[in-house]
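Grab a pencil and open the model in your viewer. Here is a set of short exercises, each with a solution to check yourself against.

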Amino acid sequence: MAKILIAFNTLKEGFEELKEKHQVTFAPEGRDFTADELMDMVADYDVLCSVFDIPITKDLIAKGNNLKLISNYAVGYNNIDIDFAREKGIVVTNTPKSVVEPTAELAMALMMSCSRKTVELDRLMRQERDNLKITRLDRLGCDLYGKTIGIVGYGNIGEAVARRCRAFGMKVLYNKRNRLDEATEKEKELTYASLEEILKRCDVISVHTPYSASSHHLFGEKEFGMMKDGAIFINTSRGAVVDEAALVKALQSGTIRAAGLDVFENKDIPSPQLYELENVCMTPHVGTQTYDARLSMIHELVDNVLGFLQEDRPISRVV
């Protein structure tokens with residue numbers, strides 16, 4: 001029987017099989033374990049279940065004398081010192097399947113909010129109430145039908161966004177490190193393009209690339225300056241992929257029409273200037289903030305832990 005430490009507050013549903021077979025310690029009701037608590041506890045556990053906003057540092061991993069698995073409750077794992085985990089022979093897993101559809105839905109919600117100014121108009125109606133006067137040419141939005149979207153980072157989430165955009169009648173360009181084969185492009189109605197082509201040709205750009213040293217500030221002043229007039233920029237990946245100061249400047253100047261953001265450069269705290277801009281729709285990193293997604297992620301995490309311990313099912317291994 002393995003000892004398993006759940007570092008974060010979450011639903012208690014979905015852990016039944018894990019609790020039947022192993023000893024599970026949950027975080028206190030309503031909160032995560034603190035960093036100090038984890039440091040004090042981790043030495044006694046075989047498995048640490050973490051989440052994207054809890055840093056799993058070299059010092060914490062070093063304390064885990066018995067640690068064999070770090071199972072992350074997220075698709076991203078840049079919260080974990082991967083190199084040190086690898087050095088210590090500790091397996092790391094993530095939950096890439098469960099996050100796909102809800103994150104794609106949020107990207108679409110942000111896209112529609114930007115194109116039709118729904119958040120802006122809702123705010124206006126609440127402020128003005130009975131005094132609201134808007135003419136037929138005020139605060140004009142734009143159609144998505146017939147427009148071109150560029151998907152930067154065509155993984156599972158990018159593909160799910162592309163599928164939805166095709167249903168909206170949009171043309172889809174995509175960019176990824178390894179281009180898809182011609183048959184797949186034809187089947188999925190995709191056109192491969194360089195990042196520069198996407199910047200110049202697309203009415204909407206949706207970012208789904210993972211964060212790494214090579215993708216840091218992938219979008220900066222030069223890239224925003226290359227975008228089409230009236231372009232919409234969506235980011236549901238990681239905040240540091242974008243130079244936020246450059247994005248603010250592009251929004252303030254009208255270089256781009258609008259931005260829909262679920263992630264932000266400074267530990268997901270938006271730049272103060274973003275709050276002042278009407279052409280920004282923001283959500284607080286909630287791509288998987290649905291009951292269905294949370295439960296599905298638990299099932300995927302549990303499968304990773306049991307699959308690792310029992311070798312009776314596949315796991316989503318990143319190290």
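The exercises below deal with a predicted model, and they go from cysteines to empty space, then rings, then backbone.

**Exercise 1. Work out how many disulfides there are, and explain what keeps C114 and C142 out of one.**

Step 1. Start with the cut-off: two cysteine sulfurs have to be within 2.5 Å to count as a disulfide.

Step 2. Try C114. The nearest cysteine sulfur belongs to C281 and is 5.7 Å away, and C114 is in no disulfide.

Step 3. Now try C142. Its closest cysteine sulfur is the one in C114, at 9.0 Å, so that is too far for a bond.

Step 4. Count up: the total is 0 disulfides.

Step 5. Check the surroundings of both residues. C114 has a relative accessible area of 7% and C142 one of 14%. The limit for buried is under 20%, so C114 is buried, and C142 is buried as well.

**Exercise 2. Find the cavities in the structure and describe what lines the largest one.**

Step 1. Search the whole structure, and 2 cavities of 30 Å³ or more turn up.

Step 2. Take the largest cavity, with a volume of about 100 Å³. It has 13 lining residues, and S113, C114, E120, E278 and N279 are the closest to its centre. C114 from the first exercise is back, then.

Step 3. Ask which elements contribute. At least two lining residues each come from α5 (100–116), α6 (118–128) and β12 (280–282). The largest share, 4 residues, is from α6.

Step 4. Sort the lining by class: 5 nonpolar, 3 polar and 5 charged residues.

Step 5. Do likewise for the second largest cavity, which holds about 30 Å³ of space. Its lining is N235, G239, V242, E244, L247, L261, V263 and F264. By class, that gives 5 nonpolar, 2 polar and 1 charged.

**Exercise 3. Characterise the second largest pocket.**

Step 1. Get the volume: about 350 Å³.

Step 2. Look at the lining, which has 13 residues; F52, N78, R238, K267 and D268 are the closest to the pocket centre.

Step 3. Split the lining by class, and you get 4 nonpolar, 4 polar and 5 charged residues.

**Exercise 4. Count the aromatic pairs and classify F15–F26 and F219–F224.**

Step 1. Recall what you need: a pair of aromatic rings is described by the distance of the centres and the angle of the planes.

Step 2. The count comes to 7 aromatic pairs.

Step 3. For F15 and F26, the ring centres are 5.0 Å apart and the planes make an angle of 80°. Edge-to-face takes an angle over 60 degrees, so F15 and F26 are an edge-to-face pair.

Step 4. Place that pair on the chain. F15 is in the loop between β1 (3–6) and α1 (16–21), and F26 is in the loop between β2 (23–25) and α2 (35–41). They are 11 residues apart, and the pair links distant parts of the chain. F15 is buried, at 0% relative accessible area.

Step 5. For F219 and F224, you have 6.4 Å from centre to centre and 40° between the planes, and the pair is tilted. F219 and F224 are both buried.

Step 6. Look for anything bigger than a pair: Y154, Y174 and Y192 are linked into a cluster by ring pairs.

Step 7. Finish with a charge over a ring. K3 has its charged end over the ring of Y45, 5.0 Å from the ring centre.

**Exercise 5. Where do E189 and H217 sit, and what is notable about their phi values?**

Step 1. Keep the background in mind: most residues other than glycine have a negative phi.

Step 2. E189 has a phi near 55°, which is positive. H217 also has a positive phi, near 50°.

Step 3. Locate them. E189 is in the loop between α8 (182–187) and β8 (190–192). H217 is in the loop between β9 (204–207) and α10 (221–226).

Step 4. Check exposure. With a relative accessible area of 57%, E189 is exposed, whereas H217, at 28%, is partly exposed.

Definitions and conventions: Residues are numbered from 1 along each chain as its sequence is written. This is a predicted model: local features need pLDDT of at least 70, side-chain atom pairs count only at pLDDT 80 or more; totals for chains, interfaces and linings use all residues. Side-chain values use heavy atoms; hydrogens and water are left out. On a 1 Å grid over the protein atoms alone, a cavity is a set of points where a 1.4 Å probe fits but cannot get out, and a pocket is an open set with protein on both sides within 12 Å along at least five of seven lines; lining residues have an atom within 4 Å of a point. Grid points are joined across faces, edges and corners, and a volume is the space filled by probe spheres set on the points. Ala, Val, Leu, Ile, Met, Phe, Trp, Tyr, Cys and Pro count as nonpolar, Asp, Glu, Lys and Arg as charged, and the others, Gly among them, as polar. Buried means under 20% relative accessible area, exposed over 50%, partly exposed in between (1.4 Å probe, protein chains only). Rings of Phe, Tyr and Trp (its six-membered ring) pair if their centres lie within 6.5 Å; planes under 30 degrees apart count as stacked, over 60 as edge-to-face and the rest as tilted. A charge sits over a ring if NZ of Lys or CZ of Arg is within 6 Å of the ring centre and within 35 degrees of the ring normal.
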